[in-house]
Amino acid sequence: MEATRPGPVEGPLSGIRVIELGNLIAAPFAARLMAEFGAEVIKVEAPGEGDPLRKWRKLHEGTSLWWYLQSRNKKSVAINMRLPEGQEVVRRLVRDADVLIENFRPGTLERWGLGWEALKAINPNLVMVRISGFGQDGPYRERPGFGAVGEAMGGMRFTTGEPDRPPARTGISIGDSLAALHAVMGALMALLHIKSGRGTGQVVDVSLFESVFNMMESLVPEYDVFDFVRTRSGGALPGIAPSNSYPTAEGTYVIVAGNGDGIFRRLMGAIGRDDLASDPRLASNDGRVRHVEEIDGAITAWTSRHSLDEVTAALDAAEVPNGRIYSVADIVTDPQYLARDMILPSTLPDGLNVKMPGIVPKLSATPGTVHWLGPQLGEHTAPVLAALGYSEDEIGALVESGAVAMGGAGGQGQPA
């Protein structure tokens with residue numbers, strides 16, 4: 001497995017220290033991606049319950065399986081940032097940090113004396129990644145914003161679902177995940193600016209709604225020029241034909257993307273419609289879009305007479321892009337997933353073997369690595385504080401005041 005490959009190879013982010021002040025999805029996902037590629041990620045959690053993600057979705061022995069994935073390779077330090085003593089610990093963490101990632105509502109860290117101006121004074125080369133619902137300025141900046149709101153405001157929900165039904169959502173927190181990807185991208189660009197000697201630290205301002213909006217392709221110019229409002233289109237891809245999901249004889253569906261000119265001709269030949277393959281009306285995409293119902297009807301008539309295996313075999317032979325619609329049961333046994341090390345055997349703290357997703361992207365010389373799964377709350381508080389120069393007595397005083405909390409050692413799971 002790539003994630004457990006032996007050897008001294010360091011990740012491309014080795015030597016980069018990241019402080020994570022985030023909860024739930026967007027900021028923790030961004031920090032996880034950096035941790036998988038070698039960054040030292042110190043996750044600051046509130047004493048007591050810690051990140052609420054610890055209790056989200058399916059729990060095993062009281063801990064979320066998602067937590068073990070989302071926090072792999074991170075060190076957990078339990079700090080009460082509402083107390084002055086806890087705020088000072090964060091400031092000391094920031095002194096030698098390269099990146100800080102947070103997703104509090106704008107203004108929260110400022111109230112705790114941990115805003116950009118305060119932290120920049122401590123570490124001028126700090127990259128501060130700030131993820132929020134609506135950004136750090138503008139009339140909506142103080143509104144609470146979750147991924148679902150960002151998906152709605154960013155335009156995704158309006159275009160998702162069947163035309164005759166209410167707007168739908170994807171079955172995952174896509175808005176948060178898109179924000180996380182933009183956050184990592186921004187952090188790496190800002191780090192490159194510093195490491196190449198061209199400047200100092202800066203704020204990377206990432207909003208949920210803008211991260212979604214950035215994915216919306218030609219939505220705005222089409223509206224501006226043609227007054228066209230893209231709306232829900234079911235399984236079809238608007239303005240690109242043919243690209244849709246089609247029923248098979250056993251009631252399953254297959255994705256067929258025959259929207260290239262040459263691909264379309266091969267597709268029509270595979271389904272026995274040479275008349276459509278040679279039809280000059282359908283020679284290019286703009287013509288096919290005008291006659292998409294006729295094309296989709298011809299494809300549906302063919303797929304409906306054949307099993308899923310027959311459809312995919314015929315389209316593979318014709319070199320037409322197609323795909324089964326995978327469930328997770330399909331994913332964990334698929335040979336391509338397995339060949340690409342995308343199903344990672346791991347072990348939870350109680351010894352339970354569990355499959356986890358592998359690492360993306362694949363780097364040939366410095367691949368990502370999983371060293372451990374999500375830690376116990378405060379598991380690394382003592383060693384991290386000691387590395388910052390706190391004495392045993394000082395750490396004891398911080399624990400006594402409630403500014404920090406300790407966790408049990410050895411609680412983290414491992415890759416198998």
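Helices and strands on this tour are DSSP runs, numbered from the N terminus. With that naming in hand, you can place proline 242 in the loop between α9 (219–226) and β9 (243–247). Keep in mind as you click around that this is a predicted model.

**The whole chain**

Start with everything displayed. The protein chain has 18 helices and 15 strands, and its C-alpha atoms fill a box of roughly 85 × 50 × 40 Å along the principal axes. If you switch on a surface, the accessible area is about 20100 Å², and carbon and sulfur atoms contribute 55% of that. Of the 416 residues, 46% are buried. Among contacts in the chain with a separation of 6 or more, 69% are between residues 24 or more positions apart.

**Stop one: helix α1**

Now select residues 26–36, which make up α1. Is this helix enclosed or open? Eleven of its eleven residues are buried, so α1 is largely enclosed by the rest of the structure. The buried set includes Arg32 and Glu36, along with Pro28 and Phe29. Before moving on, step just past the end of α1 to glycine 38, where phi is positive at about 105 degrees.

**Stop two: α1 against α7**

Keep α1 on screen and add α7, residues 174–195. Two packed helices are described by the angle between their axes and by the distance between those axes. Here the angle is about 50 degrees and the axes lie 8 Å apart. Angles under 35 degrees would count as roughly parallel and those from 65 to 115 as roughly perpendicular, so α1 is oblique to α7. The crossing is right-handed.

Show side chains for the contact next. From α1, pick Ala26, Phe29, Ala30, Leu33 and Met34. Their partners on α7 include Asp176, Ser177, Ala180, Val184, Leu188 and Leu191. Which classes of residue meet in the contact of α1 with α7? Twelve are nonpolar, one is polar and one is charged.

**Stop three: two cis peptide bonds**

Go back to proline 242 and include alanine 241. The peptide bond joining these two residues is cis, with omega about -5 degrees.

For another cis bond, select valine 360 and proline 361, where omega is near 0 degrees. Proline 361 sits in the loop between β13 and α17.

**Stop four: further along that loop**

Stay in the loop between β13 (353–357) and α17 (381–387) and select proline 367. Is proline 367 buried or exposed? Its relative accessible area is 11%, and buried means under 20%, so proline 367 counts as buried. To get a sense of scale, draw a C-alpha to C-alpha distance from proline 367 to leucine 59: the two are 30 Å apart in space and 308 residues apart in sequence.

**Stop five: positive phi outside glycine**

Finish with two backbone details. Select asparagine 73, in the loop between α2 (65–70) and β5 (74–79). Its phi is near 70 degrees, a positive value in a residue other than glycine. Asparagine 73 is also buried, at 5% relative accessibility.

Then jump to aspartate 341, found in the loop between α16 (335–339) and β12 (343–347). Although aspartate 341 is not a glycine, its phi is positive, at about 55 degrees. Where does its accessibility put it, buried or exposed? At 19% relative accessibility, aspartate 341 counts as buried, the cut-off being under 20%.

Terms used: Residues numbered from 1 in each chain as written. Predicted model: local features only at pLDDT ≥ 70, side-chain atom pairs only at ≥ 80, totals over all residues. Heavy atoms only, no water. Helix = DSSP H or I, 4+ residues; strand = E, 2+ residues; numbered from the N terminus. Buried < 20%, exposed > 50% of the residue type's maximum accessible area, 1.4 Å probe, protein only. Axes fitted to C-alpha atoms, helices over the stretch in contact; angles between N-to-C directions. Parallel < 35°, antiparallel > 145°, perpendicular 65-115°, else oblique. Left-handed = near helix turned anticlockwise from the far one by under 90°. Contact = heavy atoms within 4.5 Å. Nonpolar A, V, L, I, M, F, W, Y, C, P; charged D, E, K, R; others polar. Areas by Shrake-Rupley, 256 points an atom, 1.4 Å probe, with all protein chains shown as cover.
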